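This report concerns one protein chain, shown below as sequence and structure. Please keep both at hand while reading.

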Amino acid sequence: MDGQERLRPADPAAPRRVGLRVRLGESPLEVAPLGVGCWAWGDRSYWQYEEDNGAREVMDAFRVCVEAGLDLFDTAEAYGWGKGEKLLGALVRRSPRPVVVATKYAPLAGRGGAAAIPRGLAGSLKRLGLTCIDLYQLHWADVDEAPIPAVMEVFADAVQAGQVRAVGVSNFRAAEMREAQAALQRRGVPLATNQVHYSLLHRAPEVDGVLDTCRELGVTLLAYSPLEQGLLTGKYTPDALPSGARGEAAWFAPDNVARAQPVIATLRALGEAHGVDPAAVALAWLLAQPGVVPLAGAKTGAQAARNAKALSITLSEAEVAALDTATEAWRLES
């Protein structure tokens with residue numbers, strides 16, 4: 001297969017994902033195949049935008065997402081230490097359409113272990129202004145601070161109390177997922193999701209057992225940083241890097257950004273064939289992975305509209321293979 005054949009777009013009559021629904025694990029939650037990551041809405045210092053303008057832009061991003069049919073919004077109490085939940089809650093309460101709200105509990109050292117979770121849950125409910133959280137997740141595993149079985153017991157209690165509809169985890173390894181799933185299963189509650197870092201340039205879930213274990217257990221993988229904090233949008237080059245703390249991260253070192261440029265060129269070529277931006281192609285690659293729901297961040301309406309276009313295209317098997325090949329080095333390094 002030559003390069004031209006690999007980059008040939010899919011049949012225009014191929015099915016699109018607009019309007020489709022996917023179930024999160026074996027939970028009662030059904031959502032659009034593409035979700036929205038709200039980290040940038042809560043931590044403005046990291047993402048470098050003005051407080052007032054940022055709030056207006058986020059309102060526009062939320063509106064565009066909802067109008068495009070995106071209805072899974074993921075935040076955390078650690079995003080701006082409550083600011084993210086407050087902002088999302090205010091938007092959700094005014095939303096013209098129902099949405100699915102996901103947030104996370106942070107098992108910080110010294111917080112009080114599993115016994116502190118009810119207070120944390122009450123705080124999230126208050127900041128969100130809701131009586132029930134659709135998807136409540138443990139932000140990371142800390143077996144010393146909060147052993148996984150003890151955490152899952154409290155989460156299951158919250159489901160039975162009607163405070164939570166579904167339970168998820170985040171940043172869990174395969175063995176940790178199995179432990180969480182077993183503890184929940186004893187209570188008759190399914191493990192719905194595991195939210196981990198997954199993108200074309202971070203393919204670790206494919207090689208560390210997490211993706212295979214998700215599929216084996218019937219758990220949906222929620223992919224955070226699917227655009228690598230903007231790197232896969234094509235916006236950044238070694239001579240044009242993001243400002244602030246994000247630009248100082250190792251990921252945006254000039255050498256690393258330069259290394260990613262051939263991948264971005266492939267995304268751009270495919271995007272031109274489909275009439276979308278490189279970001280939409282990067283998201284479409286994840287949408288082609290069974291059991292995966294990307295959580296794409298957007299802090300403006302334009303970014304939200306760009307991301308949503310991923311639902312309007314379907315990559316051919318050859319196009320998916322071309323992107324697999326272009327990023328094989330990142331897979332091997334995982």
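The sections below treat the nonpolar cores, two helix contacts, the salt bridges and two individual residues.

## Nonpolar cores

The model is predicted. Its largest nonpolar core comprises 91 residues, and the members that touch the most others are Trp-41, Phe-62, Phe-73, Met-152, Phe-155 and Leu-221. Helix H13, residues 278–287, gives the most to this core, with 9 residues. A second, separate core has 12 residues, among them Leu-72, Ala-102, Ala-166 and Leu-222. In soluble globular proteins, nonpolar side chains tend to be buried together.

The surroundings of Leu-221 can be described in detail. Leaving out residues up to four places away in sequence, Leu-221 touches Asn-194, Val-196, Tyr-198, Pro-205, Val-210, Leu-211 and Cys-214, and also Gly-291, Val-292 and Val-293.

## Helix H5 and its contact with H6

Helix H5 covers residues 83–93 and helix H6 residues 117–128; their axes come within 7 Å and cross at roughly 50 degrees. H5 and H6 are therefore oblique to each other. On the H5 side the contact involves Glu-85, Lys-86, Gly-89 and Arg-93, which meet Ser-124, Arg-127 and Leu-128 of H6. By class, this contact has 4 charged, 2 polar and 1 nonpolar residues.

H5 is largely enclosed by the rest of the structure, because 8 of its 11 residues are buried. The buried residues of H5 are Gly-84, Glu-85, Leu-87, Leu-88, Gly-89, Ala-90, Leu-91 and Val-92. Glu-85 and Gly-89 are thus named among the buried residues and also take part in the contact with H6.

## Helices H8 and H10

The axes of helix H8 (residues 174–185) and helix H10 (residues 210–217) come within 9 Å, with a crossing angle of roughly 25 degrees. An angle under 35 degrees counts as roughly parallel, so H8 is roughly parallel to H10. H8 contributes Ala-174, Met-177, Arg-178 and Gln-181 to the contact, while H10 contributes Val-210, Thr-213, Cys-214, Glu-216 and Leu-217. Sorted by class, the contact of H8 with H10 has 5 nonpolar, 2 polar and 2 charged residues.

Two of the H10 residues in this contact, Val-210 and Cys-214, are also touched by Leu-221.

## Salt bridges

Side chains of opposite charge can pair when their charged atoms come close. How many salt bridges does a search of the whole structure find? The search finds 16. Glu-77, Glu-85, Arg-111 and Arg-127 are linked in a network of salt bridges; of these, Glu-85 and Arg-127 also belong to the contact between H5 and H6.

Three further pairs link distant parts of the chain. Arg-21 and Asp-71 form a salt bridge in which the closest N and O atoms are 2.7 Å apart. Arg-21 lies in the loop between helix H1 and strand E1, Asp-71 in the loop between helix H4 and strand E4, and the two are 50 residues apart. Arg-21 is partly exposed, at 42% relative accessibility, whereas Asp-71 is buried, at 9%. A second salt bridge joins the side chains of Lys-104 and Asp-74, with an N to O distance of 2.7 Å. This pair connects strand E5 (residues 100–105), which holds Lys-104, with strand E4, which holds Asp-74, across 30 residues. Lys-104 is buried, with a relative accessible area of 1%, and Asp-74 is buried at 2%.

In the third pair, Arg-331 and Glu-206, the closest N and O atoms are 3.0 Å apart. Arg-331 lies in helix H16 and Glu-206 in helix H9, so the salt bridge ties together parts that are 125 residues apart in sequence. Arg-331 is partly exposed, with a relative accessible area of 25%, while Glu-206 counts as buried at 16%.

## Val-320 and Arg-56

Is Val-320, a residue of helix H15, buried or exposed? Its relative accessibility is 15%, under the 20% limit, and Val-320 therefore counts as buried. Leaving aside neighbours within four places in sequence, Val-320 is in contact with Trp-285, Ala-288, Gln-289 and Leu-315. The C-alpha atoms of Val-320 and Trp-285 are 6.3 Å apart, and these residues are separated by 35 residues in sequence.

Arg-56 lies in helix H4 and counts as exposed, at 53% relative accessibility. Arg-56 and Gly-89 are 33 residues apart along the chain, and their C-alpha atoms are separated by 15 Å.

Methods. Residues are numbered from 1 along each chain as its sequence is written. This is a predicted model: local features need pLDDT of at least 70, side-chain atom pairs count only at pLDDT 80 or more; totals for chains, interfaces and linings use all residues. Side-chain values use heavy atoms; hydrogens and water are left out. A nonpolar core is a set of buried Ala, Val, Leu, Ile, Met, Phe, Trp, Tyr and Cys residues joined through side-chain atoms within 4.5 Å. Buried means under 20% relative accessible area, exposed over 50%, partly exposed in between (1.4 Å probe, protein chains only). Helices (H or I, at least four residues) and strands (E, at least two) are DSSP runs, numbered from the N terminus. Contact means heavy atoms within 4.5 Å. Axes are lines fitted to C-alpha atoms, for helices over the stretch in contact, and angles run from 0 to 180 degrees between N-to-C directions. Angles under 35 degrees count as roughly parallel, over 145 as roughly antiparallel, 65 to 115 as roughly perpendicular and the rest as oblique. Ala, Val, Leu, Ile, Met, Phe, Trp, Tyr, Cys and Pro count as nonpolar, Asp, Glu, Lys and Arg as charged, and the others, Gly among them, as polar. A salt bridge is a side-chain nitrogen of Lys or Arg within 4 Å of a carboxyl oxygen of Asp or Glu.
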